[in-house]
Amino acid sequence: MALPYKDTILRGDCIERLKALPDACVDLVFADPPYNLQLGGGLTRPDQSDVDGVTDEWDQFESFQAYDAFCKEWLAEARRVLKPNGALWVIGSYHNIFRLGAAIQDMGYWIQNDVVWVKTNPMPNFRGTRFANAHETLIWAGRDKKSRLTFNYHSLKAANEDVQMRSDWTLPLCTGAERLKTDGRKTHPTQKPEALLHRVLTATTNPGDIVLDPFFGTGTTGAVAKRLGRHFIGIERDETYVVEAQKRIDAIVPAAATDAAPLPSPRRQPRVGFGQVIESGLLAPGAKLYCPKRKHVARVKADGTLSATAHQGSIHKVGAGVQNAQSCNGWTFWHYEDAGKLAPIDSLRSVIRKGMN
């Protein structure tokens, strides 16, 4: 069923607009809800200038109970519109993230991780009464315990110098040309950096997925989604933010589909046995295989096994045997000779997989 609101900003109250969406229609919800700062008055810098955002009307709630009721209502609607394998991301500060976390668990979501966004350029604590707030916390949760979530682990690892991505992310605040301004002032007090949304979406969505942001603001989620080949639905009640978000998104040029696609997971690729390489004629019985330094040599047998001096068996078993090792990935250890150069037999497996697509 086509979703009429795809790639659209819906103006209005987030809960009312959420209720108008059909069940199970989005793949991911990213929410940056009001923080409920609970300040008795304004907050000023040493020069007596006001700190933006701490007295905005949209962040005013009568009590913790009123805030909790509001959060549970939008969280319930968000869960309803998520597909069975959909996920929620929510970001907050110490003022609200713990209340949100409890509600998320109580309502049946299944928390995967909490992520700490460490800010490289945090706002100082002007009054000198407590530590500077140098981080915010994100919660990533599945729609329920059975949800099979998208997680592009191999893309994240490859982009992180081939080291597993951790749950502490060091990123700067939104500043410079990225920060939207109106008449020389910040358009939105808590505009999130695109780098943060880029990581969230590349990690937990695929091209073509629909991302819902019920607190759209100036459209960071929509801008990043469009650039990465995802779709978005934004909900925002402030007309100024809607106008600025739309202009921002209209200027985005999407990445080509091939450039937006995540690195495929080896587990998701069709299983190919070494015997299929022989059956396909890519290697002939009697062909020689070598380790990268040509120290070890094995012969290919017609049944898809290898023979090397005192060792016979699979490419993995023989690879481990010649090295006197506990285990071996034969696909990357063994190489065949092609025009005088060695190439890993894994490249032949890739040829077969392409033929399966």
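**Exercise 1. Which residues does Ala223 touch, not counting residues up to four places away in sequence?** Find them, then work out where Ala223 sits in this predicted model.

*Solution.*
- Start with the address: Ala223 belongs to helix α6, which covers residues 220–227.
- Now list the contacts. Leaving out residues up to four places away in sequence, Ala223 touches Glu194, Arg248, Ile249 and Ile252.
- Then check burial. Ala223 has 0% relative accessibility, so it counts as buried.
- For a sense of scale, try Lys288, which is 65 residues from Ala223 along the chain: their C-alpha atoms are separated by 53 Å.

**Exercise 2. Is Thr187 buried or exposed?** Back up your pick with a number, then look at the surroundings of Thr187.

*Solution.*
- The cut-off for buried is under 20% relative accessible area. Thr187 comes in at 9%, so it is buried.
- Thr187 is in a loop, the one between β8 (185–186) and α5 (194–204).
- Its side chain makes a polar contact of 2.9 Å with the side chain of Thr182.
- Skipping residues up to four places away in sequence, Thr187 touches Leu180, Lys181, Thr182, Thr218, Thr240, Tyr241 and Glu244.

**Exercise 3. Which residues of α7 are buried, and what do they pack against?** Go along the helix from its cap.

*Solution.*
- At the N-terminal end, Asp238 caps α7, with a side-chain oxygen 2.8 Å from the backbone nitrogen of Thr240.
- The helix itself takes in residues 239–250, 12 residues in total. From first C-alpha to last, α7 reaches 17 Å, close to the expected 16 Å.
- Its buried residues are Tyr241, Val242, Glu244, Ala245, Arg248 and Ile249.
- To make sense of that spacing, recall that an α-helix has 3.6 residues a turn, so residues three or four places apart point the same way.
- The buried residues of α7 pack against β1 (8–11), α5, α6 and β10 (231–236).

**Exercise 4. How many residues does the largest nonpolar core have?** Say which elements build it, then find the second core.

*Solution.*
- The largest nonpolar core has 32 residues. Those with the most contacts inside it are Val26, Trp74, Leu75, Leu100, Ile104, Tyr109 and Leu212.
- Elements giving two or more residues to this core include α1 (14–19), β2 (26–31), α2 (64–81) and β9 (210–213).
- The largest share comes from α2, with 7 residues.
- Zoom in on Leu212: its contacts, not counting residues up to four places away in sequence, include Leu18, Val26, Phe30, Val81 and Ile233.
- The second core is separate and has 28 residues, among them Ala87, Val200, Ala223 and Ala245.

**Exercise 5. What is the strand order of the open sheet of 6 strands?** Then mark its edges and the helices packed on it.

*Solution.*
- Reading across, the order is β14-β13-β12-β11-β15-β16, with antiparallel pairing.
- The edge strands are β14 (311–313) and β16 (341–344); each has a single partner strand, so one side of each is left without a neighbour in the sheet.
- Neighbouring strands are turned by 35° against each other on average, direction ignored.
- Inside the sheet, antiparallel strands β11 (residues 288–290) and β15 (residues 335–338) are joined by 2 bridges. Tyr290 stands opposite His335 in β15.
- Helix α10 (residues 315–323) packs on the sheet and touches β13 (306–308) and β14; its direction makes about 165° with that of β14.
- Finally, helix α12 (residues 346–356) lies across β15 and β16, running at about 55° to β16.

Methods:
Residues are numbered from 1 along each chain as its sequence is written. This is a predicted model: local features need pLDDT of at least 70, side-chain atom pairs count only at pLDDT 80 or more; totals for chains, interfaces and linings use all residues. Side-chain values use heavy atoms; hydrogens and water are left out. Helices (H or I, at least four residues) and strands (E, at least two) are DSSP runs, numbered from the N terminus. Buried means under 20% relative accessible area, exposed over 50%, partly exposed in between (1.4 Å probe, protein chains only). Contact means heavy atoms within 4.5 Å. A polar contact is a pair of N or O atoms within 3.5 Å; within protein, one must be able to donate a hydrogen and the other to accept it, and residues adjacent in sequence count only if both atoms are side-chain atoms. The expected span of a helix is 1.5 Å times one less than its number of residues. A nonpolar core is a set of buried Ala, Val, Leu, Ile, Met, Phe, Trp, Tyr and Cys residues joined through side-chain atoms within 4.5 Å. Two strands pair if DSSP finds at least two bridges between them. Axes are lines fitted to C-alpha atoms, for helices over the stretch in contact, and angles run from 0 to 180 degrees between N-to-C directions.
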